[in-house]
Amino acid sequence: MTKPKVLISDKMDPNAARIFEERGCDVDVITGETPEELAARIGDYDGLAIRSSTKVTAAILDAATNLKVIGRAGIGVDNVDIPAASAKGVVVMNTPFGNSITTAEHAIAMIFALARQIPEANTRTQAGEWPKNAFMGVEVTGKTLGLIGAGNIGSIVAARAQGVRMKVIAYDPFLTPERAVEIGVEKVNLDDLLARADFITLHTPLTDETRNILSRENLAKTKQGVRIVNCARGGLIDEEALGDLLDSGHIAGAALDVFKTEPAKGSPLFGKPNFICTPHLGASTTEAQVNVALQVAEQMADYLVNGGVTNALNMPSLSAEEAPKLKPYMKLAESLGSLVGQLAHGNLTSIAIEREGAAAELSGKPIEGAVLAGLMRQYSDTVNMVNAPFLAKERGLDVRSIRHQREGAYNTLLRVTVGTENGDRSVAGTLFGSDAPRLVEIFGVRIEAELTGHMLYIVNEDAPGFIGRIGSLLGEAGINIGTFHLGRRETGGEAVLLLSVDQPIPESVVKQACALQDVKLVKPLAF
Ligand SMILES: NC(=O)C1=CN([C@@H]2O[C@H](COP(=O)(O)OP(=O)(O)OC[C@H]3O[C@@H](n4cnc5c(N)ncnc54)[C@H](O)[C@@H]3O)[C@@H](O)[C@H]2O)C=CC1
Ligand SMILES: O=C(O)C(=O)COP(=O)(O)O
């Protein structure tokens with residue numbers, strides 16, 4: 001058997017290459033290439049091991065004709081086009097905990113650096129100034145730290161901050177009251193956090209919900225003299241507004257490890273009063289890099305050599321015997337979970353997963369795991385089939401799996417119903433043939449659609465001419481429609497349109513679609 005070939009394309013601890021070789025893979029380490037160079041090379045490889053510098057775009061994946069697995073030695077996977085990888089059957093794995101302590105420690109270091117202006121004091125002292133009278137710091141003891149995002153890293157930051165006697169408050173829609181008590185933080189809403197925190201630190205993934213969470217408007221709601229730390233992702237803060245508020249003195253200091261555009265070589269924030277930055281060093285300690293290198297190489301080699309799946313973000317973990325029967329259901333279950341996760345608004349309180357017909361004969365746990373992984377992926381980069389049920393429990397989601405003996409309209413059916421503040425919302429799907437997942441119902445409307453790649457969900461008034469209008473809009477924007485599915489509650493009532501397209505739909509086009517006559521809701525979806 002020929003050995004699987006792995007490319008390590010970002011700087012990684014040498015333990016990764018050693019493990020790949022020991023586990024029967026050939027490995028090349030080639031870092032710092034342009035996207036074009038990587039695209040030209042990637043066709044030779046079965047595995048690609050990366051950190052945050054390599055951007056695995058749809059173009060790279062197109063060229064990756066042999067690729068089977070992408071391994072992220074770290075947590076954030078926003079540099080990987082996961083829908084494109086899934087569409088090509090490429091498994092994407094990360095190492096969800098290997099660098100979390102290190103990153104939390106970096107955030108704490110930033111808090112102290114800001115409180116005592118250590119970088120500037122150091123520079124001026126070494127320049128021979130002895131500027132003893134130029135600096136007056138603040139104590140952190142007794143100050144309020146506002147966490148935006150209280151997952152793995154946020155919780156570690158909370159524990160460390162409590163150790164230096166800070167009071168910690170947290171905004172995280174998925175933090176349960178019980179978990180908040182367990183980690184000793186006060187759960188608050190975002191406005192409360194902005195108004196009360198002396199220091200704010202961000203620990204969420206970059207998603208559609210969190211992008212620009214510290215917008216100009218939200219930054220203006222912060223307490224006079226607040227200090228802000230971002231060791232999560234660029235794009236969570238409006239950098240221009242941050243600069244203006246540092247200039248005006250409303251914000252007393254900001255420390256960024258991450259920037260909207262990286263590498264950030266000429267940011268307008270450079271040189272602002274009490275602005276500190278590091279070049280995405282959050283995960284850069286010897287300990288964390290050894291952890292993530294070992295883990296990513298072990299996981300990827302296990303997949304390439306034995307077919308074992310661990311910490312995959314786009315594929316359920318399966319044993320060899322169950323795999324063939326369950327596989328199409330797992331895909332269906334994950335797509336249904338993802339669909340309700342993307343469409344349901346407000347705090348989710350419960351989820352019911354019903355199996356009917358042939359699906360009732362199968363084991364419920366893997367299907368439940370796949371539904372929850374699809375659902376929770378909207379809130380966390382680190383979720384997979386294995387940890388999704390734990391995360392759901394930790395967050396107080398009431399999960400029920402129900403097996404129906406009854407015969408239904410379909411030979412086999414999965415139904416997923418989420419309970420929200422605004423009532424229950426339900427979607428259902430079946431398998432066509434024995435292995436082709438299809439959505440058959442969405443929020444009470446019958447429809448028949450494949451959930452795949454980039455899609456657009458539109459709710460509109462059922463009226464003549466609408467299909468022409470949306471077709472023209474997408475056509476004029478150069479967006480090719482792959483599939484097109486319609487459903488409606490009743491003639492002239494509410495209608496639903498689900499279409500798949502060949503590329504992500506730009507926000508400007510979504511806005512134009514929202515403005516079309518008869519349209520009630522437009523939501524881009526990704527699977
Ligand atoms: N600077 C660096 O080098 C590093 C940065 N990171 C970044 O840190 C992020 C967080 O990592 P973990 O704590 O391990 O992830 P996690 O998945 O354990 O926690 C993320 C938390 O954010 C919360 N969240 C999601 N949407 C939210 C919203 N709209 N508002 C408030 N909270 C929301 C989730 O409920 C979850 O509790 C990663 O996604 C990654 O982007 C991670 C490692 C190193
Ligand atoms: O793990 C993460 O999410 C990180 O941001 C770490 O990034 P890096 O591996 O240091 O490029």
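The secondary structure of this chain, in what is a predicted model, comes to 17 helices and 22 strands, and I would like to go from that inventory to the overall form, then to the ligand, and finally to one residue.

Before that, a word on confidence. The mean pLDDT of the chain is 93, with 98% of the residues reaching 70 or more, and for the complex the predictor gives an ipTM of 0.99 together with a pTM of 0.75. As a general caution, where pLDDT is low, the predicted coordinates should not be read in detail.

Now to the overall form. What radius of gyration would a compact globule with 527 residues have? The expected value is near 24 Å, and because the chain itself has 24 Å, the two agree. If you follow the C-alpha trace along its principal axes, it spans about 80 × 60 × 50 Å. Of the 527 residues, 44% count as buried, and when we take the contacts with a separation of 6 or more, 66% of them come from residues that are 24 or more positions apart.

The chain is also divided into domains: domain 1 is made of two stretches, 5-97 and 287-314, while domain 2 covers 100-277, domain 3 covers 316-451 and domain 4 covers 452-527. To give you a sense of the spacing, the C-alpha centres of domain 2 and domain 4 lie 40 Å apart.

Let us turn to the ligand. Ligand 1 is surrounded by 34 residues, of which the closest are Gly76, Gly151, Pro205, Gly282 and Ser380. Two elements give two or more residues to this shell, namely helix H5, residues 100-116, and helix H7, residues 152-163. Which of the elements gives the most to the shell? That is H7, which contributes three residues. Sorted by character, the shell around ligand 1 holds 13 nonpolar residues, 16 polar residues and five charged ones.

Finally, please find Arg400 on the structure, which sits in strand E14, residues 398-403. Is Arg400 buried or exposed? We count the C-beta neighbours inside 10 Å, and Arg400 has 11 of them; since a residue is exposed if that number is 12 or fewer, Arg400 counts as exposed. As a last exercise in comparing sequence with space, take Arg400 and Gly234, which are 166 residues apart in sequence and, from C-alpha to C-alpha, 37 Å apart in space.

How values were computed: Residues are numbered from 1 along each chain as its sequence is written. Chains are lettered from A and ligands numbered from 1 in the order in which they are written. This is a predicted model: local features need pLDDT of at least 70, side-chain atom pairs count only at pLDDT 80 or more; totals for chains, interfaces and linings use all residues. A residue is near a molecule or strand if its C-beta atom, placed from the backbone, lies within 6 Å of it. Helices (H or I, at least four residues) and strands (E, at least two) are DSSP runs, numbered from the N terminus. Ala, Val, Leu, Ile, Met, Phe, Trp, Tyr, Cys and Pro count as nonpolar, Asp, Glu, Lys and Arg as charged, and the others, Gly among them, as polar. pLDDT is the predictor's confidence in each residue, from 0 to 100. The radius of gyration is taken over C-alpha atoms; the globule rule is 2.2 Å times the number of residues to the power 0.38. A residue is buried if 20 or more other C-beta atoms lie within 10 Å of its own, exposed if 12 or fewer, and partly exposed in between; C-beta atoms are placed from the backbone. Two residues are in contact if their C-beta atoms, placed from the backbone, lie within 7 Å. Domain bounds come from an automatic or database domain assignment.
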